[in-house]
Amino acid sequence: MLTLLDNKLWFPHPDKALQDPNGLLAIGGNLSPDRLLLAYSMGIFPWFEEDQPLLWWSPDPRAVIAPDDLHVSRSLAKLAKRAPYRLTINTAFAEVIRHCRQLREHKEGTWITRDIEAAYCQLHQAGHAHSIEVWQGDTLVAGLYGINLGQLFCGESMFHLVDNGSKLAMLALCRHFSRYGGTLVDCQLPNPHLMSLGVRTWHRSDFLSKLQALQRLPLREGCWQPGELTL
């Protein structure tokens with residue numbers, strides 16, 4: 001049964017999520033920083049379109065990847081070695097999420113509503129949400145963003161304006177996150193693009209168990225300090 005949320009800060013256990021549609025757990029509530037952080041700490045995330053009420057999900061299976069397991073194709077390896085682009089971390093979060101929203105608006109529609117955009121910018125300002133940026137000169141051409149919980153990074157969305165740009169951003173995230181002790185990247189839902197990068201699917205119960213352990217483990221200091229990145 002779908003749970004209707006009230007103004008109290010709570011969520012039902014993800015085991016109560018529907019099978020059809022897969023993972024739909026609750027409806028309502030709000031996008032306050034405290035509610036979003038509680039959701040991610042329980043393996044739940046918001047996903048809805050502009051004309052829909054606020055929907056919360058915890059799908060089964062879950063798409064995940066260990067940073068060191070990222071599949072680097074020959075073309076991506078050549079791109080990384082050639083280094084035609086500049087990589088940064090946490091220098092243009094608002095621009096990254098705006099690009100993610102705008103590109104999807106022009107294609108199939110987007111779950112990144114204006115309210116979502118504002119809410120995640122708040123989380124970024126509070127030090128919980130982070131971005132990787134790919135630059136061509138002074139132009140932002142690719143990037144990704146997500147939420148950090150201890151040694152887990154919960155990826156939210158990515159975009160690219162150049163070939164392999166989002167894959168390069170993912171490579172930068174995985175290598176940087178691994179250097180600082182990061183153990184797992186949550187990719188939420190599997191798709192062909194992610195699976196080509198080595199993403200695997202776990203049963204929700206396995207993911208939730210790992211989530212509870214990883215969010216209690218700290219990264220090495222300085223992981224999210226804004227600045228340049230090297231591969």
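A residue counts as buried when its relative accessible area is under 20%, and in this predicted model that cut-off places Tyr120 among the buried residues, because its relative accessible area is 0%. Tyr145 is likewise counted as buried, since its relative accessibility is 1%.

These two tyrosines also belong to the aromatic contacts of the model, in which eight aromatic pairs are found. Tyr120 and Tyr145 form one such pair, with an edge-to-face arrangement in which the ring centres are 6.0 Å apart and the planes make an angle of 75°. The pair joins distant parts of the chain, as Tyr120 lies in helix H4 (residues 114-125) and Tyr145 in strand E8 (residues 139-149), 25 residues apart. Ring pairs further link Tyr120 and Tyr145 with Tyr40 and Phe93 into a cluster.

From the rings we turn to the packing of helices, where helix H2 (residues 74-82) meets helix H5 (residues 165-179) at an angle of about 75°, the axes lying 10 Å apart. With that angle, H2 is roughly perpendicular to H5. On the H2 side the contact is made by Leu76, Leu79 and Ala80, which meet Lys167, Leu168 and Leu171 of H5; by class, this contact has five nonpolar residues, one charged residue and no polar ones.

The strands offer a further view of the fold, for four of them form an open sheet with mixed pairing, in the order E1-E2-E4-E3. Its edges are strand E1 (3-5) and strand E3 (45-46), each of which pairs on one side only. E1 pairs with strand E2 (residues 24-28) in the parallel sense over three bridges, and Thr3 stands opposite Ala26 in E2.

How values were computed:
Residues are numbered from 1 along each chain as its sequence is written. This is a predicted model: local features need pLDDT of at least 70, side-chain atom pairs count only at pLDDT 80 or more; totals for chains, interfaces and linings use all residues. Side-chain values use heavy atoms; hydrogens and water are left out. Axes are lines fitted to C-alpha atoms, for helices over the stretch in contact, and angles run from 0 to 180 degrees between N-to-C directions. Helices (H or I, at least four residues) and strands (E, at least two) are DSSP runs, numbered from the N terminus. Angles under 35 degrees count as roughly parallel, over 145 as roughly antiparallel, 65 to 115 as roughly perpendicular and the rest as oblique. Contact means heavy atoms within 4.5 Å. Ala, Val, Leu, Ile, Met, Phe, Trp, Tyr, Cys and Pro count as nonpolar, Asp, Glu, Lys and Arg as charged, and the others, Gly among them, as polar. Two strands pair if DSSP finds at least two bridges between them. Rings of Phe, Tyr and Trp (its six-membered ring) pair if their centres lie within 6.5 Å; planes under 30 degrees apart count as stacked, over 60 as edge-to-face and the rest as tilted. Buried means under 20% relative accessible area, exposed over 50%, partly exposed in between (1.4 Å probe, protein chains only).
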